[in-house]
Amino acid sequence: MLDAEAFLAAALEDAERAMTSCASCGSDKISEVMARQDVPFGGKGETFSVQVPIIKCEACESSFTDHRAEKIRKDAIYDHLGLLRPAEVKGIRLALGMTRKDFDAAYGLPSASMERWENGRIIQNKSMDTLLRALSNPVTAHRLDRRQDPVDGGSVVQGRFSALEAKPNGLSDARSRAQSFHLRAVG
Ligand SMILES: [Zn+2]
């Protein structure tokens with residue numbers, strides 16, 4: 001089953017989940033400002049900064065960030081590394097109308113890996129990122145598909161052709177049927 005609907009529902013839910021009251025005292029006297037925040041990165045003390053919404057409470061003077069800031073920080077890491085964001089990875093698969101199982105059969109990308117990349121639990125490496133980018137082009141995606149395509153691969157077409165050849169007048173009958181259909185369709 002294709003999970004495009006679940007994907008959209010999650011995105012909508014995420015947008016509606018913005019905070020309306022203070023996380024520590026529960027007051028609804030909160031306001032929001034955009035501010036720079038340092039994001040630690042790579043484990044070597046490296047940081048970069050991003051703009052995130054910071055929520056301030058007038059009642060208890062605490063300030064905090066919510067899931068939106070978390071998403072901005074995470075996306076910024078992908079941008080910093082020059083890699084597709086999790087939603088983009090998922091988008092490429094869904095644009096091809098494929099389930100994770102299809103993706104595995106077509107491109108040898110295991111469902112479990114795709115699932116982790118799509119949910120941002122693990123960051124795909126550069127070579128996998130390159131393959132995924134190539135698959136964002138539907139023509140390339142079709143060419144790289146390892147599943148047998150019975151129509152383009154010729155097996156079904158060829159099978160029908162030999163069946164017609166085997167019948168007396170099979171081919172000429174098929175040709176005249178095709179022609180009268182064509183004439184009807186045009187006329
Ligand atoms: Zn408060």
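This is a short talk on a predicted model of a zinc-containing protein chain, taking in its metal site, its sheet and its nonpolar cores.

Let me begin with the metal. The zinc ion has four protein donors, the SG atoms of Cys-22, Cys-25, Cys-57 and Cys-60, and these lie 2.3 Å from the ion. If you follow the donors along the chain, their spacing reads C-x2-C-x31-C-x2-C. What is the arrangement of the 4 donor atoms around the zinc ion? The angles that they subtend run from 107 to 114°, and the arrangement is therefore tetrahedral. As a reference for those angles, the ideal value for four tetrahedral donors is 109.5 degrees.

Are Cys-57 and Cys-60 buried or exposed? Cys-57 has a relative accessibility of 4%, and so it counts as buried, whereas Cys-60, at 34%, counts as partly exposed.

From the metal site I would like to move to the sheet, since Cys-57 is also the residue at which strand β2, residues 46-57, ends. Three strands make up an open sheet in the order β1-β2-β3, and the pairing is antiparallel. Because β1 and β3 stand at the edges, each with a single partner strand, one side of each has no neighbour in the sheet.

Strand β1, residues 30-41, is joined to β2 by 12 bridges. Along this pairing, Glu-32 of β1 stands opposite Ile-55 in β2, and Met-34 has Pro-53 in β2 as its bridge partner. The hairpin of β1 and β2 has 4 residues between the strands, and there Gly-42 takes a positive phi near 80°.

On the other side of the sheet order, β2 is joined to β3, residues 63-64, by 2 bridges, and this pair is antiparallel as well. Here Ile-55 stands opposite Phe-64, and Lys-56 stands opposite Ser-63. Ile-55 is thus placed opposite Glu-32 in one pairing and opposite Phe-64 in the other.

The hairpin of β2 and β3 has 5 residues between the strands, with Glu-61 taking a positive phi near 60°. Glu-58 also lies in the loop between these two strands, and because its relative accessibility is 58%, this residue counts as exposed. In sequence Glu-58 and Lys-29 are 29 residues apart, yet their C-alpha atoms are 5.7 Å apart in space.

Let me turn now to the helices and to the nonpolar cores. The largest nonpolar core has 13 residues, and those that touch the most other members are Phe-103, Tyr-107, Leu-109, Met-114, Leu-132 and Leu-135. Two or more residues come from each of α3 (86-95), α4, α5 (111-118) and α6 (126-135), and it is α4 that gives the most, with 3 residues.

Leu-132 shows how this region is connected through contacts with residues that are remote in sequence, for if we leave aside its neighbours within four places, its contacts are Leu-84, Val-89, Ile-92, Phe-103, Leu-109, Met-114, Trp-117 and Gln-124.

Two of these names, Val-89 and Ile-92, belong to the buried residues of α3, which also include Pro-86, Lys-90, Arg-93 and Leu-94. After α3 comes Gly-97, whose phi is positive, near 65°.

I would also draw your attention to the aromatic residues, of which the structure holds 1 pair. In this pair, Phe-103 and Tyr-107 have ring centres 5.1 Å apart and planes at 75°, so the pair is edge-to-face. Both residues lie in helix α4, residues 100-107, and they are 4 residues apart, which is about one turn of the helix. Phe-103 is buried, with a relative accessible area of 0%, and Tyr-107, at 9% relative accessibility, counts as buried too.

To close, let me return to the model as a whole, which, I repeat, is a predicted one. At the zinc ion, four cysteine SG atoms serve as donors, and Cys-57, one of those four, is buried. In the sheet, β2 pairs with β1 through 12 bridges and with β3 through 2. In the helices, Phe-103 and Tyr-107 are among the residues that touch the most other members of the largest nonpolar core.

Terms used. Residues are numbered from 1 along each chain as its sequence is written. This is a predicted model: local features need pLDDT of at least 70, side-chain atom pairs count only at pLDDT 80 or more; totals for chains, interfaces and linings use all residues. Side-chain values use heavy atoms; hydrogens and water are left out. Donors are N, O and S atoms within 2.8 Å of the metal (3.2 Å for Na, K and Ca); water is not among the atoms, so sites may look incomplete. Four donors count as tetrahedral if all angles lie between 85 and 135 degrees; four count as square planar and six as octahedral if opposite donors are over 155 degrees apart and all others between 65 and 115; anything else is irregular. Buried means under 20% relative accessible area, exposed over 50%, partly exposed in between (1.4 Å probe, protein chains only). Two strands pair if DSSP finds at least two bridges between them. Rings of Phe, Tyr and Trp (its six-membered ring) pair if their centres lie within 6.5 Å; planes under 30 degrees apart count as stacked, over 60 as edge-to-face and the rest as tilted. A nonpolar core is a set of buried Ala, Val, Leu, Ile, Met, Phe, Trp, Tyr and Cys residues joined through side-chain atoms within 4.5 Å. Contact means heavy atoms within 4.5 Å.
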